[in-house]
Amino acid sequence: MSQGPRSGLAAVSSALLAMSRHLEVRDVLKTIVASARELLDAQYAALGVPDENGGFAQFVVDGVTDAQWKAIGPLPRQHGILAAMLREAKVERLADVRTDPRFEGWPSAHPDMSDFLGLPIRDGDEVIGALFLANKNCEKPEGGCGFTAEDEELLSILAQHAAIALTNARLYERSRELTIAEERSRLAHELHDAVSQKLFSLRLTAQAAAALVDRDPSRAKGELQQVAVLAAEAIDELRAAVVELRPAALDEDGLLATLRTQVQVLDRAHTARVTFAAAGFRALPAAQEEALLRVAQEALHNALRHSGAGHVDVTVNRRGGGAVLRVTDDGSGFDPHLTRRAGRHLGLVSMRDRASGVGGTLTVESAPGKGTTIEMEVPGG
């Protein structure tokens, strides 16, 4: 009997240490879920962070493959047992969740679940999440639940520390977002002042040159030369500002972490499901990573603002010595040939320019009612 508690405490300690290593909210959520599933030896685990509209801002699962998760469909709503945990803020330990009167079923692709243990994650009086596990890997007592009172106690301890880790991660993300916003505001102000002064001088010099063309061509030529100098200086100011506006997170965290964070923010902010995945990616030169990020941002903006998509998927994968970015949505789509002839979709022109500027290529696959895929490939550095 003495071995069990020590093993349990060691497992809890390992789980808490794992949670403390992460600062990104999504990473913390994944660690909580994986730790809970391993700690209680369950087949499935999940954690939902509620939004204010009866759904979930984030929902993380463990024990379900990507293919299964995709087949299940949209995120669950706050109903049934999940709603009870969020509303009543109490532990739920059930021998068979399917026989509970509050059970409202699940999608056809959803894995079958029986014994169930769930509890809310609380920050003070606020319920900030619902953590639950299903299908304990053990022999179940006849008509009973595989999860025990000891499991419930361990999960409660984990949930208390999960609340701290999740709250800290949220504070970290908000702090970083505020820092970036303040820096962007400062740079925008400086850019406005510097370029405005240059353009004002350029305008006055051009007006002087125009007034001198007829009566003093030699002086007019000198003024026009000054116009060229001022224009070159204005271009230099703009280029310097663009360099400064390179995302701070890209320098600190790299492309994958920056994209993952932005996708998570968009997933919370929009009704569409926005996902991110990467495989085999290796760091690229700064210009290429920035170009990939900017194209991803533009493609995401188009998909979320204009396509009416319900799901937008972002992937970054290694290809040869370089990488390929793909942004796919299931929105309304369009005819790329017609928009090119009509001169519309300037965002596509900008994306192609960014791709070619770093030696890459950009392709667009779309058709009315068929969604859109933007793919950008860049070579290795």
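1. Two strands are said to pair if DSSP finds at least two bridges between them; helices (H or I, at least four residues) and strands (E, at least two) are DSSP runs, numbered from the N terminus. The model is predicted: local features need pLDDT of at least 70, side-chain atom pairs count only at pLDDT 80 or more, and totals for chains, interfaces and linings use all residues. Residues are numbered from 1 along each chain as its sequence is written, and side-chain values use heavy atoms, leaving out hydrogens and water.

2. One open sheet has five strands in the order β2-β1-β5-β4-β3, with antiparallel pairing. Its edges are β2 and β3, each with a single partner strand, so one side of each lacks a neighbour in the sheet. Between β4 and β5 there are eight bridges in the antiparallel sense, and leucine 119 has leucine 131 in β5 as its bridge partner.

3. Helix α4 (residues 80-88) lies across β1, β2, β3, β4 and β5, at about 140° to β5 (axes are lines fitted to C-alpha atoms, for helices over the stretch in contact, that is, heavy atoms within 4.5 Å; angles run from 0 to 180 degrees between N-to-C directions). Seven of its nine residues are buried, so α4 is largely enclosed by the rest of the structure (buried means under 20% relative accessible area, with a 1.4 Å probe and protein chains only). Among them are Ile81, Leu82 and Met85.

4. A second open sheet, of mixed pairing, follows the order β6-β7-β8-β10-β9. Strands β7 (residues 311-319) and β8 (residues 322-329) share eight antiparallel bridges.

Key. Buried < 20%, exposed > 50% of the residue type's maximum accessible area, 1.4 Å probe, protein only.
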